[in-house]
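Here are a few exercises to work through at your own pace. Have a look at the structure first, then try each task before reading its solution.

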Amino acid sequence: MKIEFEHRQAAHCESGVTSNLLRVNSNGKITEPLAFGIGAGLFFAHIPFIKINNGPAIAFRTLPGHIFNRTCKSLGIPVIRKKFFSKEKAELFLQECLDNGKPVGCQVGVYYLPYFPKEYRFHFNAHNLIVYGHEDNKFLISDPIMENPTTLGHYELERVRFAKGALAPKGHIYFPKTTTEITDDQIRLAIKKGIKKNVYNMLSIPGSFAGVSGIKNTGIKIKKWRDKLGLEKAGLYLAQLVRMQEEIGTGGGGFRYIYGAFLQEADVYLPGNQLADISGIFTKAGDMWRTSAVHAAGIFKGRLGSQQDFDTMGDYLIEIAEVEKKAFETLKKIKW
Amino acid sequence: MKKDEIPQDLSALGKITKEVCYATDNSGKYTTELSSGWGVKIDALDVAWGDIEKRIAAAKQKVLNKEASPIYFFMEYRLMDLSILADYTGFWKWQIKRHLKPDVFSKLSDKKLQKYAEAFNTTIEDLKNMTVHED
């Protein structure tokens, strides 16, 4: 059986899934950038003492699951989400949803995801896709980062839904409970909430590991990497930073461009708040992130490697922190 | 980023699917465009895999020198650390640490070996011989 569902490619998996699952409710109005912004997706965090793939634990987006949750909550749409201990029950529930004509979002790990190229398979468990039917003993899959819909066998889907390690999905399944229509007023309200939440996350989280102070702090750390880690390992760390920033799902520039697109769209709903101008600052921030990535590549490819090169790299981040700080402070000052 | 500056360097992903990028057009308005990859990202991924290959080779040598059991090799091959492997197999980390010793490994029951084989997506035979197949 197959549910009426239109696959649409997106830059980022969770905001793509959210936008696609809400297409019926919103008549297509909740685009990917709107879902990302309402869900307060933009972030920066550098978690100390934790290593991922033998490198630093750096994230440019909010915690997995939060974008879908916040977006639905802010729009006043009730959500159903479940996790499972039993693989059998997880599949049974999925089948039930499909039988009721509901496309559903699933959190999966990418390590054993068969249609992903080998080079991209790490133990990353916060990928999201939509299951929208069952045909010829296979599940019909709409993975937002892929150009075309695909399929997964029963065991293949079970394996990725029950991938293990950090952020293990545990069969996590989620979808909007109702298909009530979303009004423009609801969208306006949700945009304000999303921006406020994002302002808080980037400016006000205590400590220096998250938000703009996290970016600055990482910049300061990078300057010490060469002496502390040695050239080779420091290069590996920078490569990891670049991958988290640019790899599949960020839309480029560590999600800063998607956020810029969000503010432009938000400006149409809430004109007179200079949102379009502030969007330009995020475009600039995204460009700066990419310039820093080019410089980092010089280091991990071995063209650059002096302490001065590391200082330059660190300064890029410190400068970006300043730019983003100003942008969020301007957003904070808006009197809605 | 300007729409016409979106890089189109063919990456491993680009052979399977292009990815969506957000960029601005001439009037500064945001739009999306497909990209087949970016050299900087390709290099970053190459560097990461280069390091992994080195780790795998070092692990293999360690097993051949009888300093570790084949589980150590497969952990590097499957990019798993102790906690991921513990989650997949249901063993405690201290148990896995024991199983990393060649002497202990050689006495493991087939039932236990099967758990490792499943976690590594391989067979008991291949696990013991450190044989890998491209998948």
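## Exercise 1: Two domains of chain A

**Task.** In this predicted model, find how far apart the C-alpha centres of domain 1 of chain A and domain 2 of chain A lie, and describe the side of domain 1 that touches domain 2.

**Solution.**
- Start with the distance: 24 Å separates the C-alpha centres of domain 1 of chain A and domain 2 of chain A.
- Next, count the contact: 31 residues of domain 1 of chain A meet 33 residues of domain 2 of chain A.
- Then list the elements of chain A that give two or more residues to the domain 1 side: helix 3 (32-38), strand 1 (42-52), strand 2 (55-61) and helix 4 (66-74).
- Strand 1 of chain A gives the most to this side, with seven residues.
- Finally, sort the domain 1 side by class: 19 nonpolar, nine polar and three charged residues.
- To place the domains along the chain, use the assigned bounds: 13-176 for domain 1 of chain A and 187-333 for domain 2 of chain A.

## Exercise 2: One side of a helix

**Task.** Work out which residues of helix 6 of chain A are buried and why they lie on the same side of the helix.

**Solution.**
- Look along residues 154-161 of chain A, which make up helix 6: Leu157(A), Val160(A) and Arg161(A) are buried.
- These residues cover an arc of only 100 degrees around the axis, so they sit on the same side of helix 6 of chain A.
- This fits a general rule: an α-helix has 3.6 residues a turn, so residues three or four places apart point the same way.
- Now see what covers the buried residues of helix 6 of chain A: the cover includes helix 5 (87-99), strand 4 (104-108), strand 6 (138-142) and strand 7 (150-153) of chain A.

## Exercise 3: Following the strands

**Task.** Trace how strand 5 of chain A pairs with strand 4 of chain A and with strand 6 of chain A.

**Solution.**
- Strand 5 (residues 127-135) of chain A pairs with strand 4 of chain A in the antiparallel sense, over five bridges.
- Here Gln107(A) stands opposite Asn128(A) in strand 5 of chain A.
- With strand 6 of chain A, strand 5 of chain A also pairs in the antiparallel sense over five bridges.
- In strand 6 of chain A, Leu140(A) is opposite Gly133(A).
- Strands 5 and 6 of chain A form a hairpin with two residues between them, and Asp136(A) in the turn has a positive phi of about 50 degrees.

Terms used
Residues numbered from 1 in each chain as written. Chains lettered and ligands numbered in written order. Predicted model: local features only at pLDDT ≥ 70, side-chain atom pairs only at ≥ 80, totals over all residues. Buried ≥ 20, exposed ≤ 12 C-beta atoms within 10 Å, placed from the backbone. Helix = DSSP H or I, 4+ residues; strand = E, 2+ residues; numbered from the N terminus. Arc of directions from axis to C-beta. Contact = placed C-beta atoms within 7 Å. Pairing = 2+ DSSP bridges. Domains from an automatic or database assignment. Nonpolar A, V, L, I, M, F, W, Y, C, P; charged D, E, K, R; others polar.
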